[in-house]
2 protein chains.
Amino acid sequence: MTNEEILGVTVLNSWRLVINRFNKTLSELSDEQLQQQAAPARNRVFYLLGHLTAMHDRMFTLLGIGARLHTELDEPYIANPDRVLGDPLSATELRRAWAEVNDKLTRAFEGFTWEDWLQKHTAVSDEDFIKHPMRNRLAVVMNRTSHASYHAGQAAFTK
Amino acid sequence: MTNEEILGVTVLNSWRLVINRFNKTLSELSDEQLQQQAAPARNRVFYLLGHLTAMHDRMFTLLGIGARLHTELDEPYIANPDRVLGDPLSATELRRAWAEVNDKLTRAFEGFTWEDWLQKHTAVSDEDFIKHPMRNRLAVVMNRTSHASYHAGQAAFTK
C-alpha cells in the first residue's frame, strides 16, 4: 500500500468505527426505546437518530458528491428542537434512511483519492479556500465523525 | 502549504475541536457538579474526566512520544468502574492534569510530519504492522478523538 492509500483507509476506519458503534446501540434498542429520552428532559433517541441522519445526508451536497436522499428530516431534526414537529418517518423507515445515507456516503469515501479528500467543501468560497485550505472534505468528515460519536455516547444511556 | 501540511493541520483541528468543546463544558461545571452523575445511575462527570485523562496520558507510551504524567489514574478510572476506588486527585488537580496531558500531546502532534503520523504505535508488532499498516499513530489519535467526543456528549447532560 502507498502512504496515500494507508491514510485513506485510516480515515475510513475511524468513520466506520463510530457508525458501527452507533449501529450496535440502535440494534439493541426496540422501536419503543427509541421514543425514550436519552436522559431526563433530554432529546429522544429517535430525535438523535433523525438529527444524525439529516446531518449526514447534508454531506452529499456539502461535499459535492451527489443528491440528498432525505431532505424531509431537516425541519424536524435540525431546524427545530425535539417534539416541536411530528416525526415524518416511522422507526423502521428512519432506521432504513440512516443505513442508506451512511452506506452511500461510505461508498463515495471509498472512491476518494487524497486529492479528492483535500478538495474544498461547497460551503467555502474559492477565495476563502486559498487562505484556509484546511476547510476541506477531510475536515468535514472528521468533524461529522466526532459529532456522531458525541450523540452516540448520549444514546448509549438508554440501553 | 503543502498537501502534507494541510493534512496535519486538518487532523490537529479535529482533535482540538473536541478537546475545546469538552473544556467548555468543564468550565461551566463547578467542582460540585463534577461529582454529579451524567444521568441517573451513570458515571460521575469526575469519573469521565479521570477516564479521559488516563486514556490520553496512555498515548505518550502508546505513540512512543515520551513518559506518562499520571499513571495514578489508571486504576480508579480505567481498571475499575466509578466509585469503586477513591479519587486520587482533587477536582482542581484533575482539571490541571487533563489540561497538562492534552497540552503536551498537542505540542507533540504539532511537530509530527506525515511520516511520523504513519509510524506504527507501540501496541502492534513489527510483523503485524507490515500486514496492517493502518494500525498507526493517526488511527490512535482519530479514535481517541471520537472517544473523547463520546464522553463529552454524556458530560454535557450535566449542564
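**Figure 1. Overall dimensions of chain A in the predicted model.** For a chain of 159 residues, a compact globule would be expected to have a radius of gyration near 15 Å, and the 16 Å found for chain A agrees with this. Along the principal axes, the C-alpha atoms of chain A occupy a box of roughly 45 × 35 × 25 Å.

**Figure 2. Secondary structure of chain A.** The chain comprises 9 helices and 0 strands. Its order along the sequence is accordingly written α-α-α-α-α-α-α-α-α. Of the contacts in chain A between residues at least 6 apart in sequence, 66% connect residues at least 24 apart.

**Figure 3. Interior and surface of chain A.** Buried residues account for 53% of the 159 residues in this chain. The area that chain A exposes is about 7,100 Å², of which carbon and sulfur atoms contribute 50%. Among the side chains of chain A, 18 are positive and 20 are negative. The centres of these two sets lie 5 Å apart.

**Figure 4. Relation between chain A and chain B.** Chain B is superposed on chain A by a rotation of 180 degrees, with 0.0 Å of shift along the axis and an RMSD of 0.0 Å. The two copies are therefore related as by a two-fold rotation axis. Within chain B, the residue that comes closest to the rotation axis is B:Tyr150, whose C-alpha lies at 2.1 Å. Because 100% of the interface residues of chain B are also interface residues in chain A, the copies meet through the same surface.

**Figure 5. Close-up of A:Arg83 in a loop of chain A.** This residue is placed between helix H5 (74-79) and helix H6 (91-110) of chain A. The phi angle of A:Arg83 is near 70 degrees, a positive value in a residue other than glycine. With a relative accessibility of 52%, A:Arg83 counts as exposed, because the cut-off for that class is over 50%.

**Figure 6. Close-up of B:Arg83 in a loop of chain B.** In chain B, the loop that joins helix H5 (74-79) and helix H6 (91-110) holds B:Arg83. Although B:Arg83 is not a glycine, its phi is positive, at about 70 degrees. The relative accessibility of B:Arg83 is 52%, so this residue is classed as exposed.

How values were computed
Residues are numbered from 1 along each chain as its sequence is written. Chains are lettered from A and ligands numbered from 1 in the order in which they are written. This is a predicted model: local features need pLDDT of at least 70, side-chain atom pairs count only at pLDDT 80 or more; totals for chains, interfaces and linings use all residues. Side-chain values use heavy atoms; hydrogens and water are left out. Helices (H or I, at least four residues) and strands (E, at least two) are DSSP runs, numbered from the N terminus. The radius of gyration is taken over C-alpha atoms; the globule rule is 2.2 Å times the number of residues to the power 0.38. Buried means under 20% relative accessible area, exposed over 50%, partly exposed in between (1.4 Å probe, protein chains only). Contact means heavy atoms within 4.5 Å. Accessible areas come from the Shrake-Rupley method with a 1.4 Å probe; for residues, only the protein chains shown count as cover. Lys and Arg count as positive and Asp and Glu as negative; His and the chain ends are not counted. The place of a charge is taken as NZ of Lys, CZ of Arg, CG of Asp or CD of Glu. Copies are superposed by least squares on the C-alpha atoms of residues with pLDDT of at least 70 in both.
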